[in-house]
Amino acid sequence: MAGNYPAYYSAVRDAIRGVGPNPVTAEEAARVVGLLELGVQSAEQGRVLPVSLPMPWPTLV
């Protein structure tokens, strides 16, 4: 489904309606949050921060 936005949003719709699985796993979503948090830290520190793969789970505060 990569790059196929109509199929992605159809899958989101189906998941909301309860007739299909969520197209994004909790792990995938958490890793995106981790990247976003790393971007904020990078901007605050004014430097490039390395990305460690696999991304660790973000800390929930």
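## Asp 14 and its salt bridge

In this predicted model, Asp 14 is partly exposed, with a relative accessibility of 23%. Its side chain meets that of Arg 13 in a salt bridge, with an N to O distance of 3.0 Å. Arg 13 is likewise partly exposed, at a relative accessible area of 37%. Both values fall between the limits of 20% for buried and 50% for exposed residues, and therefore neither residue is assigned to either of those classes.

## Helix α1 and the residue after it

Helix α1 covers residues 5–17 and comprises 13 residues. From its first C-alpha to its last, α1 reaches 18 Å, close to the 18 Å expected at 1.5 Å a residue.

Gly 18 follows α1 and has a positive phi, near 80 degrees.

## The salt bridge within helix α2

A search of the whole structure finds two salt bridges. Besides the pairing of Asp 14 with Arg 13, Glu 27 forms a salt bridge with Arg 31, and the closest N and O atoms are 2.7 Å apart.

Helix α2 spans residues 26–45 and contains both Glu 27 and Arg 31. These two residues are four residues apart, which is about one turn of the helix. An α-helix has 3.6 residues a turn, so residues three or four places apart point the same way.

## Accessibility of the α2 pair

Glu 27 counts as partly exposed, at 39% relative accessibility. Its partner Arg 31 is also partly exposed, with a relative accessible area of 21%. Because the buried class requires a value under 20%, Arg 31 at 21% is not counted as buried.

Key
Residues numbered from 1 in each chain as written. Predicted model: local features only at pLDDT ≥ 70, side-chain atom pairs only at ≥ 80, totals over all residues. Heavy atoms only, no water. Expected span 1.5 Å × (residues − 1). Salt bridge = Lys/Arg side-chain N within 4 Å of Asp/Glu carboxyl O. Buried < 20%, exposed > 50% of the residue type's maximum accessible area, 1.4 Å probe, protein only.
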